[in-house]
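Colleague: I would like a close look at one part of this model, with enough of the surroundings to place it. Please keep it plain and take the chains as they come.

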Number of protein chains: 4
Amino acid sequence: MATAALKVAVIGGGSSYTPELVEGLIRHHHEFPIQELYLVDIEEGRQKLELVGALARRMVEKAAVPIRVHLTLNRQEAIHDADFVITQIRVGRLPARVRDERIPLGFDCLGQETTGAGGFAKALRTVPVILDIAQDIQNLAPNAWMINFTNPTGIITEAVLKYGGVKNIGLCNLAIGTRMQIAEMAGVDRALVDFEWVGINHLNWARKIRVGDTDIMPLVWSMLNNAASVKNIPALDWNPVLLKSLGAIPCSYLRYYYMTDEMLRDEKQQARTEGTRGEVVQRIEQELFELYQNPQLAEKPKQLEQRGGAYYSLAAVELIASIYSDRRDVQTVNVRNGHILPFLPADASIEVNAVIDATGAHPIQLELPVPTSMRGLLQVVKAYEELTIEAAVRGDYGLALEALTLHPLVTSGDTAREMLDQILEQNRSLLPRFFA
Amino acid sequence: MATAALKVAVIGGGSSYTPELVEGLIRHHHEFPIQELYLVDIEEGRQKLELVGALARRMVEKAAVPIRVHLTLNRQEAIHDADFVITQIRVGRLPARVRDERIPLGFDCLGQETTGAGGFAKALRTVPVILDIAQDIQNLAPNAWMINFTNPTGIITEAVLKYGGVKNIGLCNLAIGTRMQIAEMAGVDRALVDFEWVGINHLNWARKIRVGDTDIMPLVWSMLNNAASVKNIPALDWNPVLLKSLGAIPCSYLRYYYMTDEMLRDEKQQARTEGTRGEVVQRIEQELFELYQNPQLAEKPKQLEQRGGAYYSLAAVELIASIYSDRRDVQTVNVRNGHILPFLPADASIEVNAVIDATGAHPIQLELPVPTSMRGLLQVVKAYEELTIEAAVRGDYGLALEALTLHPLVTSGDTAREMLDQILEQNRSLLPRFFA
Amino acid sequence: MATAALKVAVIGGGSSYTPELVEGLIRHHHEFPIQELYLVDIEEGRQKLELVGALARRMVEKAAVPIRVHLTLNRQEAIHDADFVITQIRVGRLPARVRDERIPLGFDCLGQETTGAGGFAKALRTVPVILDIAQDIQNLAPNAWMINFTNPTGIITEAVLKYGGVKNIGLCNLAIGTRMQIAEMAGVDRALVDFEWVGINHLNWARKIRVGDTDIMPLVWSMLNNAASVKNIPALDWNPVLLKSLGAIPCSYLRYYYMTDEMLRDEKQQARTEGTRGEVVQRIEQELFELYQNPQLAEKPKQLEQRGGAYYSLAAVELIASIYSDRRDVQTVNVRNGHILPFLPADASIEVNAVIDATGAHPIQLELPVPTSMRGLLQVVKAYEELTIEAAVRGDYGLALEALTLHPLVTSGDTAREMLDQILEQNRSLLPRFFA
Amino acid sequence: MATAALKVAVIGGGSSYTPELVEGLIRHHHEFPIQELYLVDIEEGRQKLELVGALARRMVEKAAVPIRVHLTLNRQEAIHDADFVITQIRVGRLPARVRDERIPLGFDCLGQETTGAGGFAKALRTVPVILDIAQDIQNLAPNAWMINFTNPTGIITEAVLKYGGVKNIGLCNLAIGTRMQIAEMAGVDRALVDFEWVGINHLNWARKIRVGDTDIMPLVWSMLNNAASVKNIPALDWNPVLLKSLGAIPCSYLRYYYMTDEMLRDEKQQARTEGTRGEVVQRIEQELFELYQNPQLAEKPKQLEQRGGAYYSLAAVELIASIYSDRRDVQTVNVRNGHILPFLPADASIEVNAVIDATGAHPIQLELPVPTSMRGLLQVVKAYEELTIEAAVRGDYGLALEALTLHPLVTSGDTAREMLDQILEQNRSLLPRFFA
Ligand SMILES: [Mn+2]
Ligand SMILES: [Mn+2]
Ligand SMILES: [Mn+2]
Ligand SMILES: [Mn+2]
């Protein structure tokens, strides 16, 4: 990649996660010599942007790397001629997340940020905004790579693949985290661990887990129930018979599908006591921003780990460095399916291992067929995702109703309709395509 | 079809439905000149077989058609050199059906004969028996056509397609009934009504409903909510927004998916008052067999209509007559998918329009793509069906658990496991492959 | 089909074939009560149109059927509000055909009207004209059915499917002729004969040839080499080992692929003696038009049979009558592939059995997989056809070169390039998209 | 790969190519510390084996690497517990190759070792022998990797994938050679050059040729016609219009398809003067073996380059070293298609870029669809290959006739049949499955 001065724009730069990202950019500066870092946010995020931006500047200064940190509310300025545009936006901010969690719980359905009716509401709000950003990139930086960290990543990536017209890869920290966790279990360096990552964002299984040509599935199965889950998701024991029949390790989010009743019970309990995850995160963020204000602080504070984005920065920097350097290594990303999962549409986004080079992410064929029950679950959830994207793009009530009725975690019928009506009503100002 | 003496064997010949079938064979004798009709049942059904058989003989005699009615408990004798073998068996008889309905209700899940956990239990019991029958046909009548009326027809047909090694078509009366109902709505002869029937057994939609080249979808939509449902299924109003977004009319069984909560509420209420549908049917059957005993009775009694099998006989006779006469007309049947629904496996059974000729049923390509939400639902239910067939054939607990966990009408996790354990326990003597 | 006055337009109405068509319309008037028959031609065809039109009027009068025959050079007038538009055009007329035959022979390649480089040249000339006609139909008779008899029918039909935007079915008399021929061989009524017709236009195989459920392939194989070929194609003996390995009967045009050397030798010999087929046809046409002039003639003259279009009229009338009457019978037509031949693109035209009803032609799934060598030949020729359509639509030299280089009957390299250059040069005035 | 003592068996170890391979094993010994090298040949090759083996030992000794070179005529001994089995056999040796070249020339068809009727004859002889070797591996070294260098590599690899039951990768030096050639054109290190390699063995195109994210297709097109071809194939100029329309660089073997006439003329000329390539190679080999006899020679002689196997050793050692070390780099190999080329059968062998790790070769999805004319050619040649494999495995004359009739480089009809008969007759002792 021949570029005068390597420029990265971070949309949603005022996020509490940003120090994590900045730390990564500093640490990998020798591989990826970024010069201009634009943090951009919207007017409502100005204060957070300033706090985070100031911390970022102190971090860069302390590390003595030649990165210039720019803060702006002008998205076009940030995007103009950028090499990479990282999106980490949250339309409606945390209060919208809390609504996304509370509405489904009112119907005895799972209320979660990315999965089920909550993720559906978030997608309806976010898809049009992401497509606006893509439009800016088309106009102002047509050769830039758009790197999506915005949730629900699978849906967002697919919307950009279908309607965005820009080079686009979606990222999640789940696969890299799983790799770390397994390396620790096996007591080896993470570079020695490998697996096939099968599925779509937040609906994944790891299989063929190995060190060299040694199969370590039995080891992982045996240690799994003792391992910690990701921050967002209650730890509940897997049914070992189910896992062995699947021949795989499910990602944490599959608890919502495989332990629906138990997870719902747990969530409702948590909502009554400490609050929903969104409410907890609001408190964590408040504490983080208090820390960020400290003018002595010039590094990522330890407390950021509670926020849940472990390895987020690592995933981002490894991806952009491999594109930058034409590295041709293998990473796990969200990309266009083509025929990798031949039972999903070719233009769907999937999350699998891919070779990363200067021309993007090239998914690798799976070695074994996908078992029937993985396939069926992926198909129904992907169909829900497709309907959600179409509903969001067109502002179409009927498609939105079809999407929610189809979702396996929504008991259908009157419930779906009433829940949809509440979602639309409570997000009225954030859903202009539905209320035009 | 050149055959010395046209012979039909009816496995499960003691069924209360048989007089319906016999009536059809009599009425269409000019097109399909059957000479030997074997009604076969098992020892436990001997009494019913004798009652039904005697009635059948009186019917034939009254109609003065040259059909010889044979009653036997020897399946091989019935199958030997048959031209058509019709299966209408119920492994475990009605008490098993009642268990299939009661177990899921105990977990707040739908309890139904063919859909959900009830249909799953019925499939586990039935698949091995049907494959035994297919084996007999292979040995004793390799050129015979197996016509499956046995529920769950889609699963049973697919099991025979995959493992049976005989010529095999599955039948349901839902499509022919829908045609009748729409003809009545439109006030035209049923021969003038046509539609595309999309889906798999008991998970179907009718679209492109027309008389000649006149689209009558609007008429049907407007009249639909006033129309009666099939006997087995409570009538609940469809959401017109959903139907129009789908662009189709769902079959009655789709109420289980589109109105899950309401249907469950209804079913539980019914189970508490008049009993489950199986319990109601037990009473209906008792009354029917009392009628059948009447030596004056020489025709199908009117009360058989309550049993729910309207047009069953018509469907059966039209199918076998078209095969017999190489008629090349279009009927709705359960057949191997191939690529008609390109998003389902090629070896799946589907239920669609097909040309019927002397070499069997040849499905017709759909005119329009299947909408996303139909596709997603079909895919997840078909995956459940595939897992169920494999579990039944191998007696595999893990696959059975995967099947039940995947089913959209089973809240997963502990529930699925506990429900499975109850199903296995309560059907122990009927599931030899699981308890070998 | 509810229409005030049934109107049919025949584009290329001055063709010598028209009396054949008119005879069919008269004979089937009870099933298909056409009232307005428009014969339209271009200025250069005025004289032929008048001769043929006068004969058509005498035929109608003699038969005493209420068909009004209109002659016009105004295509829009003919198409306006038509129910069916039949195309049977020949862009460049017979002199262009003779060039199509002579150019390839100069390179020791087959020179034939529809197959090889000759068909390629004809397609380049014809595709844009057919799309103009389709445009007129869109504007003036958007509900009309376009019935293509224009060669190369497969390419023409596919071009309209891809770019025409009108309801469109392609027809060839080969399948109906084969049915007739086999019925005669088997000594039965043609309604009793059935087979699967596999392939694309002029590249077909018949298999599963049967009477009822009796396989008559052995009979057909044994009689085949004695049977007459179609008029256009020299009769050469098939290799029985090849046919049995294929498990099918190839159509006559497959001689060009299976006996390439022998056919070429034969063609060159014929070109030297009696002239190419186009030259022979020119003489036949001259004789026919002399007959047509006879004011006493009020029926199709026997000599028309030499022209080669046996059953052309029967095929056309059966198709339009089935659409008109929503007959739902099975006919062999050129339609969109979808997934009937899953190894060809979904938007390709194929020629197979289809159910014909008021909404068009619905192809029927094949019973058995297509053998490897049929598949390979179909794939390469279809790829050639796709390239030819794209080249014709865009006037793209590179694609035209790719098409001709790929064709199995064109020895590639310098030959393909030189032949292409000659074709373009000799058709300059007829290929405006290449010389814009 | 945890193995006591790394063992490699080379079947056909007496080949004149072996010193090339041995040189590679020596040079890369630090990455791939082979300990036991078994060179195995058949009785007829004993003398060559001894000469080559002695040279190999001198090379190893001179390089002072701890490789033990074993010479044997006992294939089972060589294979037993091997980690890698490299096949480089030539059934019937060079005299059979010369016959493969001479027979087609007698029919004015291309006579070439791997392409056309020559490759067909070689495949018929070789497939059964390769499957015997695979059987030995199954029995004696079930975890071993079979690395096929045996031509026609695509067919051989596919035969093993379908019938061999062992881990198997096919190799050709064409892609690595192209990479070298382009690096030289572009004046950069070969590690910086990348492209998509599309197709099947000896029927490939390179596209997306780039250095980093800079497209260098224009450079390559401009330099192409000056570049040398591979040793086996006469250099003829490409048509630049064709190449640009294809958007790719064809491999040298595509000259047989794109310049059929010219290549045939050239070949016939060469056959008359210096002899066929096989005859030339016989002379080269003689000279090589004379050199190999020299007890002073302890390195690969320069003259081996004339033999045509440039980079053969590099390709082999890079592949086995990446498997051994779980390197996860990208190499070009022959593997099972799956859905990488979605228009070819899933169980076909294809030649594309793949990630190489300890579990084998995992092909990478192509970025862009394959253009129509590449697709058509690949499909017809792959269909020919499938037929050839089936014919070879079953010894089936009809399938062999279908294969040869379908091949684009064989003018069909009597020619194909007569050529097949000559091939069978002249290889009678080497084709036991056809003469059982
Ligand atoms: Mn994530
Ligand atoms: Mn039914
Ligand atoms: Mn034709
Ligand atoms: Mn090679």
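**Chain contacts, one helix and its setting**

Modeller: Chain B and chain D make no contact, and their nearest C-alpha atoms are 14 Å apart. Chain A and chain C are likewise not joined by any contact, with 14 Å between their closest C-alpha atoms. The model is a predicted one.

The part to look at closely is helix 15 of chain D, which spans residues 397–406. This helix is mostly covered, since nine of its 10 residues are buried. The buried residues are D:Gly398, D:Leu399, D:Ala400, D:Leu401, D:Glu402, D:Ala403, D:Leu404, D:Thr405 and D:Leu406. What do these buried residues of helix 15 pack against? Within chain D, the partners are helix 5 (116–140), helix 14 (372–394) and helix 16 (414–426). Chain C supplies helix 9 (240–246), helix 10 (255–258) and helix 14 (372–394). The packing of helix 15 of chain D therefore involves helices of both chain C and chain D. As background, an α-helix has 3.6 residues a turn, so residues three or four places apart point the same way.

Helix 5 can also be examined in chain B, where residues 116–140 form that helix and include B:Pro128. B:Pro128 has a relative accessibility of 13% and so counts as buried, the cut-off being under 20%. Leaving aside residues up to four places away in sequence, B:Pro128 touches B:Ala123, B:Ala392 and B:Arg433. B:Leu431 is 303 residues away from B:Pro128 along the chain, yet their C-alpha atoms are separated by 8.7 Å.

For the wider setting, chain A serves as the example. Chain A contains 16 helices and 13 strands. Its radius of gyration is 21 Å, close to the 22 Å that the globule rule gives for 436 residues, so chain A is as compact as a globular protein of that length. Along the principal axes, the C-alpha atoms of chain A fill a box of roughly 55 × 55 × 40 Å. Of its 436 residues, 66% count as buried. Among the contacts in chain A with a separation of 6 or more, 71% are between residues 24 or more positions apart. The accessible surface of chain A is about 15,200 Å², and carbon and sulfur atoms account for 49% of that surface. Chain A carries 43 positive and 53 negative charges, and the mean positions of the two sets are 1 Å apart.

One residue of chain A shows the packing locally. A:Asn353 is part of strand 12, residues 349–357. With a relative accessibility of 9%, A:Asn353 counts as buried. Beyond residues up to four places away in sequence, A:Asn353 touches A:Arg179, A:Phe195, A:Glu196, A:Trp197, A:Val330, A:Gln331, A:Thr332, A:Pro363 and A:Ile364. A:Glu274, by contrast, is 79 residues from A:Asn353 in sequence and 37 Å from it in space, C-alpha to C-alpha.

Some backbone features deserve a check. Most residues other than glycine have a negative phi, and most peptide bonds are trans. In chain B, the peptide bond from B:Asn151 to B:Pro152 is cis, with omega near -10°. B:Pro152 sits in the loop between strand 5 (145–148) and helix 6 (153–163) of chain B. In chain D, the bond from D:Asn151 to D:Pro152 is cis as well, with omega near -5°, and D:Pro152 lies in the loop between strand 5 (145–148) and helix 6 (153–163) of that chain.

Positive phi values occur at C:Asp326, near 50°, and at D:Ala64, about 55°; neither C:Asp326 nor D:Ala64 is a glycine. C:Asp326 belongs to the loop between helix 13 (312–325) and strand 11 (329–336) of chain C, and is buried at a relative accessible area of 11%. D:Ala64 is in the loop between helix 2 (46–63) and strand 3 (68–72) of chain D, and is exposed at 64%.

Finally, the cysteines. There are zero disulfides over all chains. The sulfur of B:Cys109 has its closest cysteine sulfur in A:Cys109, 14 Å away, which is too far for a bond. B:Cys109 is buried, at 3% relative accessibility. For D:Cys251, the closest cysteine sulfur is in D:Cys172 at 8.0 Å, also too far for a bond. D:Cys251 is buried too, with a relative accessible area of 5%.

Note on methods:
Residues numbered from 1 in each chain as written. Chains lettered and ligands numbered in written order. Predicted model: local features only at pLDDT ≥ 70, side-chain atom pairs only at ≥ 80, totals over all residues. Heavy atoms only, no water. Helix = DSSP H or I, 4+ residues; strand = E, 2+ residues; numbered from the N terminus. Rg over C-alpha atoms; globule rule 2.2 N^0.38 Å. Buried < 20%, exposed > 50% of the residue type's maximum accessible area, 1.4 Å probe, protein only. Contact = heavy atoms within 4.5 Å. Areas by Shrake-Rupley, 256 points an atom, 1.4 Å probe, with all protein chains shown as cover. Lys, Arg positive; Asp, Glu negative; His and termini not counted. Charge placed at Lys NZ, Arg CZ, Asp CG, Glu CD. Disulfide = S-S within 2.5 Å.
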